[in-house]
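Okay, thanks for having me. I'd like to walk you through one sheet and what sits around it, so have a look at this.

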Protein chains: 2
Amino acid sequence: MDVIEVIKKRYSYRGPYQNTPVPREDLKKILEAGLAAPSGCNKQTTSLIAVDNPELVNSITKLIKKNGFSGQSAPAGICVLTQKIPAYDDKYFYMQDYSAAIENILLAVTALGYASCWIEGQVTEDSETQKQIANMLNIPAEYTVVAFLPIGIPKAEGRRPKYKAFSERAWVNAFGSAT
Amino acid sequence: MDVIEVIKKRYSYRGPYQNTPVPREDLKKILEAGLAAPSGCNKQTTSLIAVDNPELVNSITKLIKKNGFSGQSAPAGICVLTQKIPAYDDKYFYMQDYSAAIENILLAVTALGYASCWIEGQVTEDSETQKQIANMLNIPAEYTVVAFLPIGIPKAEGRRPKYKAFSERAWVNAFGSAT
């Protein structure tokens, strides 16, 4: 699918998923898309764990639901990890790095006919949740769990958020100018 | 072009650009791709200014070269702005928001046959540079300039960075596991 079409098609899906599993070859394509994102000074601070073991997916979903995520369990998901290391001097870009990786993942997910949602606040807002996910997936202390991205075929089309008008957010050669 | 293909084709280009201008309709597509990125609680904290006035592009490029960017002047570019407002309570996601928008922009740029480079450190590392760009583009104080993305047709293929092996950064169901 054309990249600009996919970019416009992507949205945050919070509804129920079909039970259909996500084949490993699709998960691999999705992981590869994430790893192909740029990173500050090429430090490659982002790592990914695909989760398709139903017990693990359920346990993670339960944790993020407790923290207020309104979405439903998906058959699979991607756990996003970062290493909080500097790109140079005291400059850190790991947040930019994993965000670009997540956007790539969401686009690959959309292109392959699945839906997802960027769940970060419900993962990071208490360190206990992060610790529990790290324990479940055997994640060493140098890595921080920052997001979980459920993946599955949506049962129905979800609701799209309202976007501000183009002219309120994009201009040419000067703030507020259309020309 | 297929989205996963574009994701893999994208890379940070630091070489010289052809003088060929970037048509406004392409800049518009690129801006739209950026604005279509997700944002924490849909706060849409990212705004964009396309720059194709040669004097402005040169002035901005001069500033970031002074700060160490090794790339060459392009015929156009996108200036990325953010509003540092909370998504909820004291939770801020503006950095994730603009990073996802930048990745969308870089993918649209690649799909349309241009090259670019995510220039952030050289823009944000001294507040004087940010202030000067803000003055040039008439940007109000509530917005912060966080990145500049040159856009143009590359004179030649640039060098791609080395990526770690897939197995060093992506796993299934547990850290370090391939199955």
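Before I say who pairs with whom: two strands count as paired if DSSP finds at least two bridges between them. And keep in mind that this is a predicted model.

So, with that in hand, strand 1 and strand 2 of chain A pair in the antiparallel sense, over six bridges. If you want a spot to click on, A:L48 has A:V80 in strand 2 of chain A as its bridge partner. Moving along, strand 2 of chain A, residues 76–82, also pairs with strand 3 of chain A, again antiparallel, over seven bridges. There, A:A76 is bridged to A:I151 in strand 3 of chain A.

Now, what does strand 1 of chain A do with chain B? It pairs with strand 4 of chain B, residues 170–172, in the parallel sense over three bridges. The partner of A:I49 in that strand of chain B is B:W171.

Put it together and you get an open sheet of four strands, order 3(A)-2(A)-1(A)-4(B), with mixed pairing. Strand 3 of chain A and strand 4 of chain B are the edges: each has a single partner strand, so one side of each has no neighbour in the sheet. From one strand to the next the twist averages 20°.

Then the helices. Helix 2 of chain A packs on the sheet and touches strands 1, 2 and 3 of chain A together with strand 4 of chain B, its direction at about 165° to that of strand 1 of chain A. Helix 4 of chain A packs on the sheet too, touching strand 1, strand 2 and strand 3 of chain A, at about 165° to the direction of strand 2 of chain A.

Back to strand 2 of chain A for a second: is it buried or exposed? Seven of its seven residues are buried, so the rest of the structure largely encloses it. As a general point, side chains in a regular strand alternate between the two faces of the sheet. Here A:A76, A:I78, A:V80 and A:T82 point one way, A:G77, A:C79 and A:L81 the other, and all are buried.

Last bit, the contact between the chains. It takes 55 residues from chain A and 56 from chain B. On the chain A side, the largest share, 10 residues, comes from helix 4 of chain A. By class, that side has 34 nonpolar, 11 polar and 10 charged residues.

That's my tour, thanks.

Key. Residues numbered from 1 in each chain as written. Chains lettered and ligands numbered in written order. Predicted model: local features only at pLDDT ≥ 70, side-chain atom pairs only at ≥ 80, totals over all residues. Contact = placed C-beta atoms within 7 Å. Helix = DSSP H or I, 4+ residues; strand = E, 2+ residues; numbered from the N terminus. Nonpolar A, V, L, I, M, F, W, Y, C, P; charged D, E, K, R; others polar. Axes fitted to C-alpha atoms, helices over the stretch in contact; angles between N-to-C directions. Buried ≥ 20, exposed ≤ 12 C-beta atoms within 10 Å, placed from the backbone.
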